[in-house]
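I wanted to look inside this protein today. My topic was enclosed space and what surrounds it.

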Amino acid sequence: MARQQLGVLNALDVAKTQWYHFTAIVIAGMGFFTDAYDLFCISLVTKLLGRIYYYVPGQTKPGTLPINVASAVNGVAFCGTLAGQLFFGWLGDKMGRKKVYGITLMLMVVSSIASGLSFGSHAKGVIATLCFFRFWLGFGIGGDYPLSATIMSEYANKKTRGAFIAAVFAMQGVGILAGGIVAIIVSSAFNRAFPAPAYENDAIGSTVPQADYVWRIILMFGSVPAALTYYWRLKMPETARYTALVARNARQAAADMSKVLNVDLEAEEDKVVRMSESQTNSYGLFSKKFMRRHGLHLIGTTTTWFLLDIAFYSSNLFQKDIFTAIEWLPAAKSMNAIYEVYKIARAQTLIALCSTVPGYWFTVALIDIIGRFTIQILGFFFMTVFMFALAIPYNHWKTDNHIGFVIMYSLTFFFSNFGPNATTFIVPAEIFPARLRSTCHGISAAAGKAGAIVGAFGFLYASQDKDVNLRDSPSYPAGIGMKDTLIALACVNAAGLLFTFLVPEPKGKSLEELSGENEAENGETEMQGTSSRTIPLSI
């Protein structure tokens, strides 16, 4: 028999959309704006870093980052993110969401600025300090994942909860787009103020000394929106679900939410005590009961996020290499250093504007109508189809139809964002108990970042052509080539589709119904047969 829901939590579940919902979306979303901006803007400036710090006199091509350096610069933030997701996810359940929330934001702001101030006049010094600060930047970003998702899910009503969490995550798309726009503005301004010849005309003169300011300004700008929301993060009250179900302070939960909802709410202290003392609500993460009730769910959320991020981040971080391979971007030697940044930024901004950003907002509009499961299945399916469509006739796209390739490539991004890139973030914030919600989301997100690390380090090596003349640099080892790499990514997407069947459908249910926290002990069998099903009730 199901236990009655706490009044304060029921008030949140049935509340109409109010101003505080939008305030929470903006406050949490600005953190994700910075997350995406900082994680992806590095791909806009890696070629510039190669020209500035790894120029080799006499070579016919501009300087490029050595493959180990390129992997480190692209991937070190993901290593920090993975660690931050695990640590701050756990800390959010131990100390509370609010107490940790401001720490992660300030860490991101400080590290973002420090990345742009990386010091040293030689390559080793600059790259070493850049990687150091980007690790700690990633550490702060990692904490934002479980905390933002958990806070938004615990504030939202059950009718539009998916859309609210998706709206927070959609700021990732805005951050990616903003990174491209900032890079376009900065590179255009510097290129106009400090004109330079193409590399093939003047190898040394093609990289003006002022180019060193370009990448630093681009990296630092991401800290601005996040810094502006720091005060409002500190002013947010702790979520009622953490206060009531984890901290067991029914009076404080009722007082906080009375102010937020502008209604009078009863504290119900006796009910909180009874719920907290129940064996149904006392099992730990590594207990047999957790594995029996949520083990398959955790396997589902971790594997789907891991597989998604292999494809998503490898495609995002190395767009410039893919565009160069199909000759959509001009040859590097035909441009000066700053103009190359402009061309790369323009291409990536076009992709973000036409496919990445719309995909996020399609998810916001439809997730509470057709459900998380359906969106994730459709997303993985079409990502697989389009990846195979790019890979199998790859030589055709490369030589005869560049625009067709770009359109197909854009569609893979659309269906990743109107698909698993959004839903893998949303579902772990809904299906686990409040006392473990942030931890489990952090574990799921960390699995995703492990996939991003595979993509960041593995794609660069794998995509190198077997012909030494067609590689990014003659020093790079031979890989399997771009065509076979795209085929491998298509297979990864297909595997993600299969593992989606381990994830339940949370649409329209309260968080306590999904996690079993409002179930009586004798109702456990009933709950296991309904709201914890691994196959959704409706598709």
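I looked up the cavities first. The model is a predicted one. I found 5 cavities of 30 Å³ or more in the structure.

**Entry 1: the largest cavity**

I checked its volume, which comes to about 60 Å³. Then I listed the lining. Ala36, Tyr37, Phe40, Cys41 and Leu44 are part of it. So are Gly175, Ile176, Gly179 and Gly180. Gln348 and Ala352 complete the list.

Which elements give two or more residues to this lining? I noted helix H2 (19–40), helix H7 (161–193) and helix H16 (337–370). I also asked where the largest share comes from. The source is H7, with 4 residues.

I sorted the lining of the largest cavity by class. I got 7 nonpolar and 4 polar residues, and no charged ones.

**Entry 2: the second largest cavity**

I turned to the second largest cavity, which holds about 50 Å³ of space. I wrote down its lining residues: Ala311, Phe312, Ser315, Met383, Met387, Thr412, Phe413 and Ser416.

Which helices each supply at least two residues here? My list reads helix H14 (288–317), helix H17 (372–391) and helix H19 (402–417).

I repeated the class count for the second largest cavity. The lining divides into 5 nonpolar and 3 polar residues, with no charged residue.

**Entry 3: recap**

I put the two linings together. The largest cavity has no charged residues in its lining, and the second largest has none either. H7 gives the largest share of the lining in the largest cavity.

Conventions:
Residues numbered from 1 in each chain as written. Predicted model: local features only at pLDDT ≥ 70, side-chain atom pairs only at ≥ 80, totals over all residues. Heavy atoms only, no water. 1 Å grid on protein atoms, 1.4 Å probe; cavity = no way out; pocket = protein on both sides within 12 Å on 5 of 7 lines; lining within 4 Å. Points joined across faces, edges and corners; volume = space filled by probe spheres on them. Nonpolar A, V, L, I, M, F, W, Y, C, P; charged D, E, K, R; others polar.
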